[in-house]
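Dear colleague,

I am handing over the structure below, and after it I set out what was found. Please read the notes with the coordinates open beside them.

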Amino acid sequence: MDWLQIALRILHIGSGVLWVGGAALFFFYIEPTLNKLGPNAEPFVDELVNKRKMPMYFAAVATITVIGGVLMYWRDSNGLSGSWVTSPTGLAFGLGGLCALVAWFMGIAVLTPAVQKVGALGAEMKAAGGPPSAELMGRMHAAQERVRMIGAVDLVLVLLAVLGMAIARYLV
Ligand code: HEM
């Protein structure tokens, strides 16, 4: 019995589920709610991002998924040698994995700072007191639009990864 492979699969698939499910929940429910609430979302964003550290959740589950996937890809391809890499199955795991790798990088390098910017602008609005100026509202809308756009690209990429993972083994 290949216990290492079993452990890698549990980590990889378990964290992948938590990653993709979380990304969908964020894109379809959390982000639109923040958008709708505008300045009133500030305490929620502060709690979610700064206190409960939502970006850490995504960084952790995405990184475990990627590490598990890369290790299994290495093992399945016998250290990238042999014909598995260019077989339909290898290509589907590889291309799906590549989509997930780009999503992982974007999530940490681009999406997290964009969400933090929305939180910072919310704090700025609160500190200013009274109704926010048109200029501040404009910056908030731009920051929220950026989160929405990057979130959409990220979600499409992880869904493409799921598609590749789901069909790879049956492309024979
Ligand atoms: C959104 C991210 C990902 C999700 C949700 C995901 C999900 C899955 C699932 C459900 C399987 C089981 C498929 C099966 O056994 O037929 C699997 C297997 C696999 N995944 Fe991923 N994956 C993701 C990212 C990655 C990445 C980044 C790589 C790296 C190249 C990768 C490489 C692999 C490999 C090689 C297998 C086959 C493992 C084996 O031989 O048992 N995956 N993945």
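**Two loop residues with positive phi**

Lys53 counts as exposed, because 12 other C-beta atoms lie within 10 Å of its own, and a residue is called exposed at 12 or fewer. Please keep in mind that the model is predicted. Lys53 sits in the loop between α2 and α3, and its phi is near 55°, a positive value in a residue other than glycine. As background, most residues other than glycine have a negative phi. Asn78, in the loop between α3 and α4, also has a positive phi, near 50°, and Asn78 is exposed because it has 11 C-beta neighbours inside 10 Å.

**Confidence and overall layout**

The protein chain has a mean pLDDT of 93, and 100% of its residues reach 70 or more. Among its elements, helix α2 (residues 42-51) has the lowest mean pLDDT, at 86, whereas α3 has the highest, at 97. The chain holds 5 helices and 0 strands, and its C-alpha atoms fill a box of roughly 65 × 25 × 20 Å along the principal axes. Of the 172 residues, 24% count as buried. Among the contacts with a separation of 6 or more, 86% are between residues 24 or more positions apart. One pair of residues distant in sequence is Ile13 and Gly68, which are 55 residues apart along the chain and 8.7 Å apart in space, C-alpha to C-alpha. Ile13 belongs to helix α1, and Ile13 counts as partly exposed because it has 14 C-beta neighbours inside 10 Å.

**Helix α5**

Helix α5 has 34 residues and should therefore span 50 Å at 1.5 Å a residue, which agrees with the 49 Å between its end C-alpha atoms. Its buried residues include Met140, Gln144, Val147, Gly151 and Asp154, and further along Leu157, Val158, Ala161 and Gly164. These buried residues of α5 pack against α1 and α4.

**Nonpolar cores**

The largest nonpolar core has 14 residues, of which Trp19, Ala62, Ala100, Ala103 and Val158 touch the most other members. At least two residues of this core come from each of α1, α3, α4 and α5. Leaving aside residues up to four places away in sequence, Ala62 touches Trp19, Trp104 and Gly107. There is also a second, separate core of 10 residues, and among its members are Val115, Leu121, Met140 and Val147. Both Met140 and Val147 appear in the list of buried residues of α5 given above.

**Surroundings of the ligand**

Which residues are the closest to the ligand? They are Gly16, Gly69, Gly97, Ala100 and Met165, out of the 22 residues that surround the ligand. The elements that give two or more residues to this shell are α1 (3-37), α3 (54-76), α4 (88-128) and α5 (134-167), and α3 gives the most, with 7 residues. By class, the shell has 14 nonpolar, 5 polar and 3 charged residues. Ala100 is thus named twice in these notes, as one of the residues closest to the ligand and as one of those that touch the most other members of the largest nonpolar core.

With best regards

How values were computed: Residues are numbered from 1 along each chain as its sequence is written. This is a predicted model: local features need pLDDT of at least 70, side-chain atom pairs count only at pLDDT 80 or more; totals for chains, interfaces and linings use all residues. A residue is near a molecule or strand if its C-beta atom, placed from the backbone, lies within 6 Å of it. Helices (H or I, at least four residues) and strands (E, at least two) are DSSP runs, numbered from the N terminus. Ala, Val, Leu, Ile, Met, Phe, Trp, Tyr, Cys and Pro count as nonpolar, Asp, Glu, Lys and Arg as charged, and the others, Gly among them, as polar. pLDDT is the predictor's confidence in each residue, from 0 to 100. A residue is buried if 20 or more other C-beta atoms lie within 10 Å of its own, exposed if 12 or fewer, and partly exposed in between; C-beta atoms are placed from the backbone. Two residues are in contact if their C-beta atoms, placed from the backbone, lie within 7 Å. The expected span of a helix is 1.5 Å times one less than its number of residues. A nonpolar core is a set of buried Ala, Val, Leu, Ile, Met, Phe, Trp, Tyr and Cys residues joined through C-beta atoms within 7 Å.
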